[in-house]
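Colleague: I would be grateful for a close look at a single part of this model, the surroundings of the bound ligand.
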Amino acid sequence: GTQVEWKVFEKSKVYMADLESGLHYLLRVELATHKTLEGEELKTFKDFVTVVAKLFPGRQSVVKLLETLLEWLVSLPLEKIPYDAILDLVNNKMRISGLYLGEQVQWVGCQGSSVALRGYPCSLWTLFHVLTVQAANRPDALANTGFEDDPLAVLQTMRRYIGTFFGCQECGKHFEEMAQESVNQVKTVDEAVLWLWRKHNQVNARLAGSMSEDPMFPKTQWPTPDLCPTCHEEQEGLHVWNEQMVLAFLKQHYGASNISLKYSS
Ligand code: FAD
């Protein structure tokens, strides 16, 4: 495969390059397989853009781009939007006003030992963890969007995005099953952060040793003790999570101030 130079990174950090590359892939590659958006698909995409535009702790040029995309989607009286119109907006109109989303993928914390591994799916998990943490840290960010006071805003939007657009349909099916089972038990924005963490670990457990596992990045129950020693406890000889510590760790790890701009050009 294509050789890409290895990028030194710290696993205790989140990289803006991964988040922006993920958004690039989502908007320019994944969405491109849907030639027109209408009905539930359009609603799902609008809600996704709403949540990301309001909560993504990104660089100004990218956040402005997302806000412009949102304004355009909301003001449009159309029931059907051709994908090409979205792409036009993302590509051209925006660059004029200095709004810009890079056109190349640059995986850092999400780089894989081969091009077929990690990358986009890793960035999508990362993005949604960041968004659940932002929703918990900034309770007013979703004011006047229809999502105010909804602790499930990010999770339900993620659920519908994954079910509708995520290229891996098997993944969408699994995620939907997990959501159906327990997402309605989530009553606060903090519980939403923990729910996504728990479900991600469930996926890690299921995928350990499978084909999609990068041998350089074995699936683990995360965060490992080296990242968060106080997250782990033992009760009667059995491992248990200290969820209060896990919550604090997630809010720190996925918080805006832990996002590194290294490798972001
Ligand atoms: P990822 O699992 O992508 O994790 C990315 C990073 O998040 C890790 O490097 C780590 O830093 C951090 N992290 C790990 N665990 C947690 C946690 N519990 N909480 C918070 N942060 C964590 N692939 C399949 O083959 N089958 C599936 O059914 C499937 N379902 C998926 C469902 C969803 C919603 C998504 C987004 C992806 C799914 N995938 C599935 C892809 C798979 O989960 C991985 O994303 C992919 O294999 C790449 O793995 P990775 O090693 O980069 O780590």
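Which element gives the most residues to the shell around the ligand?

Modeller: The model is a predicted one, and the description that follows should be read accordingly. Helix H8 gives the most to the shell around the ligand, contributing seven residues. H8 covers residues 189-207, and it is one of the elements that supply two or more residues to that shell; the others are helix H5 (120-137), helix H6 (153-164) and helix H7 (169-182). In total, 23 residues surround the ligand, and those that come nearest are Arg118, Trp197, His200, Lys219 and Tyr254. Sorted by class, the shell consists of 14 nonpolar, six polar and three charged residues.

Several polar side chains can be placed against individual ligand atoms. For Tyr254, a polar side-chain atom lies 2.7 Å from a nitrogen atom of the ligand. The side chain of Trp125 has an N or O atom 3.0 Å from an oxygen atom of the ligand. In the case of Arg206, an N or O atom of the side chain is 3.2 Å from an oxygen atom of the ligand. These three pairs fall within the 3.5 Å limit that defines a polar contact. As to cover, the ligand has 940 Å² of accessible area on its own, and the protein covers 89% of this area.

Terms used:
Residues are numbered from 1 along each chain as its sequence is written. This is a predicted model: local features need pLDDT of at least 70, side-chain atom pairs count only at pLDDT 80 or more; totals for chains, interfaces and linings use all residues. Side-chain values use heavy atoms; hydrogens and water are left out. A residue is near a molecule or strand if one of its heavy atoms lies within 4 Å of it. A polar contact is a pair of N or O atoms within 3.5 Å; within protein, one must be able to donate a hydrogen and the other to accept it, and residues adjacent in sequence count only if both atoms are side-chain atoms. Accessible areas come from the Shrake-Rupley method with a 1.4 Å probe; for residues, only the protein chains shown count as cover. Helices (H or I, at least four residues) and strands (E, at least two) are DSSP runs, numbered from the N terminus. Ala, Val, Leu, Ile, Met, Phe, Trp, Tyr, Cys and Pro count as nonpolar, Asp, Glu, Lys and Arg as charged, and the others, Gly among them, as polar.
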